[in-house]
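Colleague: Before I plan anything around this model, I would like a close look at a single part of it, namely the interior. Please take me through what packs there and what lies around it, with the cut-offs spelled out.

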Amino acid sequence: MNSHKNILLVGGTGRNTGKTSLVCEVIKKFSTDYQIIALKITNHFHSANSKSFNLLEEKNPAANKDSSRMLLAGASKVFYIESGPDCLKEAFDTFLEKTVPGQIIVCESNGLSEIIKPGIYLMVDRNGNFEKKKKTSDPQIIA
């Protein structure tokens, strides 16, 4: 498992737990001093092109999507990955090719914690139930 000290990884115990809101607040707080790349990863395919994975760059801050919210929050670039667990490593490696080594990355994903060791891993849970998803690494819990 490769270590990526430049990545803040935000996961959650389910849907609508506040993952994107937390990511956007972090971006707002630090984007005036640092160029931040945002990444959202999902295992659901929303686009018509459903190959092994899709890597898309968000360019529309007006769209009603989480990736647009990250752009509005101040991220210099925002990428979106659609991938199942079998292709996540390849998808993430492809994403890394589009970044500068050491660049600050704020990522919303549950599955990526199985592939990399981030600098900081935060697990968000709205209900205080921290046993729903077990991870191989030790997340810091934010309620």
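Modeller: A good place to start is Cys107, which is buried, with a relative accessible area of 1%; buried here means under 20% relative accessible area, exposed means over 50%, and partly exposed covers what lies in between, with a 1.4 Å probe and protein chains only. Please keep in mind that this is a predicted model, in which local features need pLDDT of at least 70 and side-chain atom pairs count only at pLDDT 80 or more, whereas totals for chains, interfaces and linings use all residues. Residues are numbered from 1 along each chain as its sequence is written, and side-chain values use heavy atoms, with hydrogens and water left out.

Cys24 is likewise buried, at a relative accessible area of 5%. If a disulfide is taken as a pair of cysteine sulfur atoms within 2.5 Å, the count for this model comes to 0.

Cys107 also belongs to the largest nonpolar core, which has 19 residues and in which Ile7, Leu39, Ile41, Phe92, Phe95, Cys107 and Leu112 have the most contacts. Such a core is a set of buried Ala, Val, Leu, Ile, Met, Phe, Trp, Tyr and Cys residues joined through side-chain atoms within 4.5 Å. At least two residues of this core come from each of β1 (2-12), β2 (36-42), β4, α3, β5 (104-108) and β6 (116-124), where helices (H or I, at least four residues) and strands (E, at least two) are DSSP runs numbered from the N terminus. The largest share, 4 residues, is supplied by α3. In soluble globular proteins, nonpolar side chains tend to be buried together.

Next come the aromatic rings, of which the whole structure holds 2 pairs; rings of Phe, Tyr and Trp (its six-membered ring) pair if their centres lie within 6.5 Å, and planes under 30 degrees apart count as stacked, over 60 as edge-to-face and the rest as tilted. Phe79 and Phe95 meet edge-to-face, at 5.5 Å centre to centre and 70 degrees between the planes. This pair joins distant parts of the chain, since Phe79 sits in strand β4 (residues 77-83) and Phe95 in helix α3 (residues 88-96), 16 residues apart. Phe79 and Phe95 are both buried. The rings of Phe92 and Phe95 have centres 5.9 Å apart and planes at 35 degrees, so this pair is tilted; Phe92 and Phe95 are 3 residues apart in helix α3, about one helical turn. Phe92 is also buried, and ring pairs join Phe79, Phe92 and Phe95 into a cluster.

Strand β2 brings charge into the picture as well. Lys40 is buried, at a relative accessible area of 12%, and its side chain meets that of Asp66 in a salt bridge (2.9 Å, N to O), a term that requires a side-chain nitrogen of Lys or Arg within 4 Å of a carboxyl oxygen of Asp or Glu. Asp66 lies in helix α2 (residues 66-73) and Lys40 in strand β2, 26 residues apart. Asp66 itself is partly exposed, at 27%, and it also meets Arg69 in a salt bridge of 3.8 Å, N to O. Arg69 is partly exposed too, at 36% relative accessibility. Lys40, Asp66, Arg69 and Glu108 are linked in a network of salt bridges.
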